[in-house]
Every structure is written in C-alpha cells, then in structure tokens.
Amino acid sequence: MPVPSAKKGARPLPRWICLFCALLTAFSTLAGCARKPQPLELYLPAGPTVMVDGTAFASLALDDAVLIRLSDLQQVWPWLELLEDGDCCTFSLRDSAETVSLPCTEVKSRAAKKFDFASTQPGCIRYLDGKTAEHWLPLQVFCDLMGAWLLPDAETQTWFVSGVALRGSAIPAGRQVPVLMYHCISDDVWGEKELFISPDVFRKQMQYLKEHGYEPIFFEDLYHLDDYEKPILITADDGYLDNYTEMYPILQEQGVKVTISLITGSVGNPRYLTAAQIREMEQSGLVSFQSHTVTHLRLDTADAETTVREMAQSRLDVARLTGKIPYLFSCPESRKSQTAFDLVGDYYQFMTTGSGDWSPDDGTYRILRRYICRSMSLQKFAALYP
C-alpha cells in the first residue's frame, strides 16, 4: 500500500498518518510472505497409527483407504525411490530394475476444499502447498504392489508395516550358515539342567566366535549373505527373564546380535521377560524378537485351525510388543510339522524345524539349529566352529 503524498501547495499530511500507512504496508507484505501452510490434514480425517519397522507415523483416512506420506516411509526405507512424477508415480528399490507404478493425482492446497478426494483412489496424491510437494500413498495398495508385509490391528488402531521382504528375494546359494540354539543363560538351575548355560561359559563362547572371525547376524541379513565372510545366527527360545538379566549385558559387552523367539502367552509371567524389557532389548539393535507360538504347543500334533491360531496370534503379539512384524517362526521343541510347513508362508519368511546344520540351499522354512547345552565344553564348542 503506497504512502499518500501531499499535493503541491497543499498542507502536508500529519506525520502520524504517514507512519500508520507505512506500518500498514509493511504488515500486509509480511502477512503475505508468512502465509500459514495448509496441510492435507486440514481436509482429511486422521487414520490409524502406522508403525513402519518400529517407527510410528500418523496417517490420513480416505474412505476405506489409509494414506501415509512417502517421506515418512523413506525415513525408515531410504532405499525406496520415487523415479517419476506426473500423471503416474513410479517407485523402485535402489539398485533394483523392478518398478511399480500408481496413478497420481495433483491437488493444490488452494483448491483442496472443493476437491473430490475420493476420486483419487487407489492412487497417489501429490499435494502442492505453494512450492512444497508431498506424496501421500494408499498404504494397502502400495504394500500389495511392492510386496511389503502389512498387519492391520483393529483393536489398537495400529497398522504394522514391514519392509524386510523388500530387502531381497533370494539368499545366495552354496554356503552353510551355523545356527545356534540357546534357552536359559543362568547358574540358577530351576528346570531341565541342560537348558541352562552358565553366563561365564556363554561369554567365553561369544568371545571365541568373535576372535575367530564369526559375524553374528539376524535372519533378515541372510538376503545379503555375500556381505559376510563367516556369518552365524545365534538364537534363544522361549524368552526367559535371564535373557535380560544375564545374556543381555554380555551381548552389550561383546556387541553380539541374538534372535529371541518368544512364547507370547508367557510374557510378563514369573521367570519370563516383561514387555518393558523386550522393548529395551529390541531398541538396542542387538536383539531381534520373533515368534515361538502363544502357548508353546507341539504343532506336530495340532490341526490346521490350531496351527493358524498359534501362528497368527503370536505374530500380532510380537508386533504389539516391538512395533515390528516378526518374520521368523520357531516350531516348539524343533518338532517338524507338515501342517506348519504348508501354512507358514502366509505369516512368516523363515521357520526353524529341527536339529542339525543348515544351508540356505535347504530352504528358508526348514532351518536346522545346533542345540548348545550346559554339558558342552568349550573345546567341543570350538570343534564345531573352527
């Protein structure tokens, strides 16, 4: 707004009027520059919480669809790339030639009030607010196309998403990967003696493995097996309290990764891990929690309905505890079950089934483990893993 000037020969305007006009002009300019952002959240209702591999994000609801920001996914999956942007959004995993595409609808914030958002389903929304652009993806459709795991939890209003399946599709063949099986790490023997490894012995075993070049990995790392010269998988079944009080400090001391398969119905019971301990261990990056059924039922004697219930509920239980969808199922007592073998692919990517030495060539649902018992000497342990 220009400041009025006095005509020639006219009496000058009062100084306060000139100052007022100048301030009004400055205020109008600043107000125009500082326009508040108009996020898409103003026009669509909130959806469920989305947990992407343990990280929580807000979502939006669009009829039956749940929308999530592409940038939120990329915080957890930096290898997810947007290749094209226009009438179609094309996505790829970095260094992969495979792509998936979604139709893309562009919406400008100033027109959002009059826009029919329902017409965008099931595609991507490219939302423009000034010079800022956000991509919102329909989560169910996107996961189906990409092959990511999706687990909606209606009770807690949380959708769990896992990108583990996106990290690879085949394990390099021709190698043997040792898989160790522990249970209790304690000198307080209150059950079957052979299940209780002395903490001092466990520490020496871990030191031996590291000194001899073994690299403890998680099961998801098998897809990148060529990155490791001497990979080894260390597992513990059931989820006993001493896994926190005795084992966990040794893992921190040695920098060793361990996979613990939980009997989810026992969490919080005497002598078992609590939910708080599980979350602390998971967040350390040293422990991956997986499924060992709800009740520790022997599946070789269970029917299909019971097997599905044990697999599905324990999967949901672990996701609720850790924020991550488990991808490994450990059969109780390492009992082989044809029913479990037939059904496991609907819920998990790996399954342990028996005792012995495993090679990726045997398949991801017939993983054998070497039982480490209390009476095993360090010399015998060393002979197994030279």
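Contact here means heavy atoms within 4.5 Å. Keep that in mind for the helices below, and bear in mind too that this is a predicted model.

**Overall build**

Let's start with the whole chain. The protein has 9 helices and 21 strands. Its radius of gyration comes out at 29 Å, well over the 21 Å that the globule rule gives for 386 residues, so the protein is more spread out than a compact globule. The C-alpha trace spans about 110 × 45 × 40 Å along the principal axes.

**The four-stranded sheet**

One open sheet has 4 strands, in the order S2-S1-S11-S10, and its pairing is mixed. Strand S2 (55-57) and strand S10 (149-153) sit at the edges with a single partner strand each, so one side of each has no neighbour in the sheet. From one strand to the next, the twist averages 20°. Strand S1 (residues 49-52) pairs with S2 in the antiparallel sense, over 3 bridges. Within that sheet, Met51 stands opposite Ala56 in S2.

Which strands does helix H3 (residues 139-146) lie across? They are S1, S10 and strand S11 (158-162), and H3 runs at about 20° to S11. Helix H7 (residues 304-322) packs on the sheet as well, touching S10 and S11, and the direction of H7 makes about 85° with that of S10.

**The seven-stranded sheet**

Another open sheet is built from 7 strands in the order S3-S4-S9-S8-S7-S6-S5, again with mixed pairing. Its edge strands are strand S3 (60-62) and strand S5 (80-84), and each of them pairs on one side only. Here the twist averages 35° from one strand to the next. S5 and strand S6 (residues 88-93) are antiparallel partners, with 4 bridges. In that pair, Leu82 stands opposite Phe91 in S6.

As a reminder of what holds such partners together, strands of a sheet pair through backbone hydrogen bonds, either parallel or antiparallel.

**Strand pairs side by side**

The table sets out four pairs, including two with strand S21 (residues 367-371).

| Strand pair | Sense | Bridges |
|---|---|---|
| S1 and S2 | antiparallel | 3 bridges |
| S5 and S6 | antiparallel | 4 bridges |
| S12 and S21 | parallel | 2 bridges |
| S20 and S21 | parallel | 3 bridges |

Strand S21 is worth a closer look. Strand S12 (residues 179-182) runs parallel to S21, and Met181 has Tyr371 as its bridge partner in S21. Strand S20 (residues 350-355) also runs parallel to S21, and there Ser355 stands opposite Arg369.

**The largest pocket**

Now for the open space. The largest pocket holds about 640 Å³. It is lined by 30 residues, and those closest to its centre are Asp53, Gly54, Glu220, Glu282 and Lys324. Which elements give two or more residues to the lining? They are helix H6 (275-283), strand S18 (287-291) and H7. S18 gives the most, with 4 residues. H7 is also the helix that touches S10 and S11 of the four-stranded sheet, and H7 contributes to this lining too.

As for chemistry, the lining divides into 13 nonpolar, 10 polar and 7 charged residues.

Methods. Residues numbered from 1 in each chain as written. Predicted model: local features only at pLDDT ≥ 70, side-chain atom pairs only at ≥ 80, totals over all residues. Heavy atoms only, no water. Pairing = 2+ DSSP bridges. Axes fitted to C-alpha atoms, helices over the stretch in contact; angles between N-to-C directions. 1 Å grid on protein atoms, 1.4 Å probe; cavity = no way out; pocket = protein on both sides within 12 Å on 5 of 7 lines; lining within 4 Å. Points joined across faces, edges and corners; volume = space filled by probe spheres on them. Nonpolar A, V, L, I, M, F, W, Y, C, P; charged D, E, K, R; others polar. Rg over C-alpha atoms; globule rule 2.2 N^0.38 Å.
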